[in-house]
Amino acid sequence: MGKREVFWGVVSCIVILLAYIIPYTFLTNVANWYGSFLLWVGVAFVIIIINLIITKDWRS
Amino acid sequence: MSNSLIWWGIIIYTVASLFIAYLSRSGKEVSMSGYFLGNRKMNGFVSALSYSATTYSAFMMVGLAGLTYRGGVGALGFEIIYFAGVTLVAFFGPRFWLAGNKYGYVTPSEMLGDRYDNKLVAVLIAISTCIFLIPYSAVQLAGVGYLVEGMTNGGISFTTGVIIATVLAIVFSFIAGIRSVMWTDSLQALMMIVASTVVVLLIIQGLGGFSGFFGSLEANYPDSLTVPGNGYWSFATFLSMTVPWLFFSLSNPQVSQRMFMPSSLKSLRGMLLGFLGFGLVYTLVSVLWGFSAVIMFPGLENPDVATPSLLSSEFVPPVLGIIVMVAIIAAAISTIDSILLTLASLFARDVYGNMKPNVSESRQLAIGKFVMPIIAIMAFAFAELQLDLIAVLSVASSAGLTVTVPAIIGTFFWKRGTATGVITSVAVSGLLVLMLELFTLKPYGLGSGVWGLLVSTLLFVGVSLLTKPPVEKAEEFVTYINTEMKKSLKSSKNAKRETVNKGY
């Protein structure tokens, strides 16, 4: 694995860990749309951006 | 909703799909890679739609909406963790693709068998995959059954729905193998994304727009917007359900096999990004359906009827309801036919091909086609058992496949891994998952997938360290992949630099 791959691998792991931790800690009492709902939707967008970056050099 | 309208919907869908499947043929396929991998020439767009259709099935629109209905926003988190797990394709996709092109692999288990230099590895993984994926197909069939029965208030029975789905899955797989499956998948995915998004917008509009919709949830059902919420999504449950799905893109061969198929890395990228775009929309739609049902139909006994209830509601015009319902039936079929093809290829290539020496490609293909209907009928039998909550059963099936993940990671990243390590880890932890599911045991509150993955990792590493690795094969394989990975990315950068220099 190249350095770039390792870096984005670590970033992805951190994002996934946060998707587990934050809703069960800081957001357990935020019963609004901007609580866990928004957080998880935000995680999805971050994941899309990470994938865009990792694959940007893939050519035919 | 009238039964005749539903029948017409099913008939129109069947005719359109058969037509597309017929068009997708490209001469007579006599090779395994032609029939099961589309000659490794699939383009990004069709691959993305088909990957979405294969992954997102009846489970998504029926099961995930039901899960949201039952436990609230945790269902969104569950699906987003899966979604994030698809990032694994960004790391493993090019490696699968390179290995497939170089060594001619048709199935992921064939790759493992070759890399670990032991045919038994391929045979064992192929068999354990069949054991776990047939119940998974049954879950999809049951989804169709619940849906048509719910939509017609019993006018069309559960069994009739299941029979329709089984027959169509067999037919779509037969016509042109993966080509007909991918093209009918694409039709389904497009139909689904458009119709279901319109439905969710209509319902939210009907419930007072975005602020009225969430306002009602916040005021009347605040538990549904937090975890653990009403208690359903305890952290142990969340972890147990998400772990198998986090690794779904690697552990489930009906999707991991797709990494062999794109025509280029660019197509692979198209497949991955296209899937992520579709996936996010599907996920949001399904969860919002579940929330809508919470507001509109509180007190449903079986959460799996949340979706049919919504589609029959006053906010959804009957024709649109029919289109979505047919799209959901098609979604189940698109998942089952992909699984059928994958299982048939596993059986023909890894089980039959390894048991009998010097079997020709055409013979393997004939065997593959022969076992497809047999597998479908087994799934049909499981579906008829009508097990309770679709999502939970689905997760139980994927838990069993998770045990192959350490061996798959080791294929590319750990030369020290051995065949004995793979065989021990897959066999022992596969049995462990079966036992835990059979006796409904959850040690420390954690489900079978978590224990399966933990035990299989320990066994794979431990046993590998005690046994002799296939030094020569591992060195050759891993060196090839690493060199090619560097080369392909380097040449991409050079191409880009040239483009810039030329002032394009």
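Modeller: A residue counts as buried if 20 or more other C-beta atoms lie within 10 Å of its own, and as exposed if 12 or fewer do. Keep in mind that this is a predicted model.

Biologist: OK. Take helix 1 of chain B. Which residues are exposed on the face turned away from its buried side?

Modeller: That face carries B:S4, B:I11, B:V15, B:F19 and B:Y22.

Biologist: And which residues of helix 1 of chain B are buried?

Modeller: B:I6, B:G9, B:I10, B:Y13, B:S17 and B:A21. They sit on the same side of the helix because they cover an arc of only 95° around its axis.

Biologist: Why would residues three or four places apart point the same way?

Modeller: An α-helix has 3.6 residues a turn, so that spacing brings them round to the same direction.

Biologist: What do the buried residues of helix 1 of chain B pack against?

Modeller: Helix 8, helix 9, helix 10 and helix 17 of chain B.

Biologist: New topic. How is chain B divided?

Modeller: Into domain 1 (3-388) and domain 2 (403-479). Their centres, taken over C-alpha atoms, are 26 Å apart. The contact takes 21 residues from domain 1 and 23 residues from domain 2.

Biologist: Which helix gives the largest share of the domain 1 side?

Modeller: Helix 12 of chain B, with 6 residues. By class, that side has 14 nonpolar, 4 polar and 3 charged residues.

Biologist: Now the two chains. How many residues does each give to the contact?

Modeller: Chain A gives 32 residues and chain B gives 30 residues. On the chain A side, helix 2 of chain A gives the most, 11 residues.

How values were computed
Residues numbered from 1 in each chain as written. Chains lettered and ligands numbered in written order. Predicted model: local features only at pLDDT ≥ 70, side-chain atom pairs only at ≥ 80, totals over all residues. Contact = placed C-beta atoms within 7 Å. Helix = DSSP H or I, 4+ residues; strand = E, 2+ residues; numbered from the N terminus. Arc of directions from axis to C-beta. Domains from an automatic or database assignment. Nonpolar A, V, L, I, M, F, W, Y, C, P; charged D, E, K, R; others polar.
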